[in-house]
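Biologist: I am new to this structure and would like to go through it step by step. Could you take my questions in turn?

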Amino acid sequence: MSAERDPVQRASGSDRDLYDVATWEPRTTLDRFASWLYGGIVTSARAGVVVLAVLIVLAQFAAALGLVFVDRPVVALYVVLSVVPALGMAAFVWKADVTKREPLELLVVTFSFGFLFAGFAAVLNTLFSGLFLGWVTADAPLWVAVLAPALYYFLVVGPVEESVKWLAIRLYAFRSDRFDAVVDGAVYGAVAGLGFATIENAIYIGREVVMAASAAGTTAAVDVGLQTAAVRTLAGPGHVIYSAFAGYYLGLAKFNPEHRGPIVVKGLVIAAVIHATYNTVVTNLGVLTNALGLAPGLVFIGFVVVYDGTLFYVLYRKLKRYRAAYEGTGADRLDETPDRDDATYLVDDLDAGRDDRDRQ
């Protein structure tokens, strides 16, 4: 889609100077200053977002959580083990990318941003939790106990957490020339989800250990940490899957700029809804297990395996469809062809012109 042009631009020939009339480029000292100032503001804004995220994360760990991992290194090991399934899922998405492999720099930065930006989600979730969960009291009717958390998940947690993971892609990797295929968005989305899951698991596990240690001592605290890590092991892969969907649509938006906004919104809505649905069902599993007399742990494991497995299959089908199109259109052969610089094309054009003259 060509860029829109002013009527004067469309009607004028290329020999007319339309600077500051209908066209503009940095010519004067003031122009160059404006360009420099704009670049500085944009760069400072991005840096400010990252710095604020770092400060929030540091504040979270400074509030007793940091000492947990120093005093009890085994708890840190629990955190690492709890993200292994999520890491495996992110690795699968990375492997399924049929195009050129993404550079390590972009993967590391996206993971780090996913890790850091989780702090924004924690602040916003906490800020709005009382508005919804405050209705859930011991004497609240069942419909309130079910509906209030569901609204919280669909209106706050899902949109907020998926948006900050989306931001982890958009702020850096999306702007790179190496983000050169739609499917790259799924890869960076999965990596952002992995970063988010890592710090979320660390916070959940550390918080439970602190609470157990103050109530029952060190031995009980370590046991509680292991139990929490086991639960978080099943929760982590979901973050990878949800943000991989949002990332895929961000990639689609990059290469369809005329519809960029709606495509981004579609991806975020999908990610937020499937995320909120997971949270809502897990929160209310106790109602089902109590009514049917089922073992809560087994029901939870069964639901997570079926739910995440189904979504992962849908994501796999989407990646497989991209692969089929990539190979079916011959794009794979183009990627295997060494890049040709402008000089090469110029020589080819000259040779073609020489051949035409010879035939005449």
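Biologist: This is a predicted model. Is R323 buried, partly exposed or exposed?
Modeller: In this predicted model, R323 has a relative accessibility of 31%. Buried would need a value under 20% and exposed a value over 50%. R323 therefore counts as partly exposed.

Biologist: Which residue forms a salt bridge with R323?
Modeller: R323 sits in helix α11 (residues 296-328), and its partner lies in that helix too, four residues apart, about one turn of the helix. The closest N and O atoms of the pair are 3.5 Å apart, and a salt bridge needs them within 4 Å. The partner has 38% relative accessibility and so counts as partly exposed. It is E327.

Biologist: How many salt bridges does the structure hold?
Modeller: Side chains of opposite charge can pair when their charged atoms come close. The pair R323 and E327 is a salt bridge, and so is the pair E200 and R232. For the structure, the number of salt bridges is five.

Biologist: Which residues are joined into one network by salt bridges that share partners?
Modeller: One salt bridge links R27 with E25, with closest N and O atoms 2.3 Å apart. R27 has a relative accessible area of 39% and is partly exposed; E25, at 29%, is partly exposed as well. Salt bridges with shared partners make one network of D17, E25 and R27.

Biologist: E200 and R232 form a salt bridge. Which helices hold the two residues?
Modeller: The N to O distance in this salt bridge is 2.5 Å. The pair links distant parts of the chain, 32 residues apart. E200 lies in α7 (residues 184-216) and R232 in α8 (residues 218-254).

Biologist: Is R232 buried or exposed?
Modeller: The cut-off for buried is under 20% relative accessible area. E200 falls below it at 12%, so E200 counts as buried. R232 has 11% relative accessibility and counts as buried.

Biologist: Back in α11, which residues are in contact with L311, leaving aside its neighbours within four places in sequence?
Modeller: L311 lies in helix α11 and is buried, with a relative accessible area of 12%. The C-alpha atoms of L311 and F245 are separated by 9.5 Å, although the two residues are 66 residues apart along the chain. F245 is one of the contacts of L311. The full list is I241, Y242, F245 and I274.

Biologist: What is the distance between the end C-alpha atoms of helix α4?
Modeller: Helix α4 covers residues 84-96, which is 13 residues. At 1.5 Å a residue it should span 18 Å, and the model agrees with this. The end C-alpha atoms are 18 Å apart.

Biologist: Where on α4 do its buried residues fall?
Modeller: The buried residues of α4 are A86, M89, A90, V93 and A96. Seen down the axis of the helix, they fall within an arc of 120°. They therefore line one face of the helix.

Biologist: Which helix supplies the largest share of the nonpolar patch?
Modeller: The patch on the surface consists of W143, L147, L151, F154, L155, V265, V269 and V273, with about 750 Å² of accessible area together. Both α6 (142-170) and α9 (260-283) supply at least two of its residues. V265, for one, is in α9 and is partly exposed at 48% relative accessible area. The largest share, five residues, comes from α6.

Biologist: Where is D20, the residue with a positive phi?
Modeller: The phi of D20 is about 65°, although D20 is not a glycine. D20 is exposed, with a relative accessible area of 58%. Its place is in the loop between α1 (7-11) and α2 (29-71).

Biologist: Over the protein chain, what percentage of the contacts with a separation of 6 or more comes from residues 24 or more positions apart?
Modeller: The protein chain has 13 helices and zero strands. Buried residues make up 41% of its 360 residues. Of the contacts with a separation of 6 or more, residues 24 or more positions apart account for 77%.

Technical notes
Residues numbered from 1 in each chain as written. Predicted model: local features only at pLDDT ≥ 70, side-chain atom pairs only at ≥ 80, totals over all residues. Heavy atoms only, no water. Expected span 1.5 Å × (residues − 1). Buried < 20%, exposed > 50% of the residue type's maximum accessible area, 1.4 Å probe, protein only. Arc of directions from axis to C-beta. Salt bridge = Lys/Arg side-chain N within 4 Å of Asp/Glu carboxyl O. Contact = heavy atoms within 4.5 Å. Patch = residues over 30% accessible without salt bridge, like charges linked within 9 Å, V, L, I, M, F, W, Y side chains within 5 Å. Areas by Shrake-Rupley, 256 points an atom, 1.4 Å probe, with all protein chains shown as cover.
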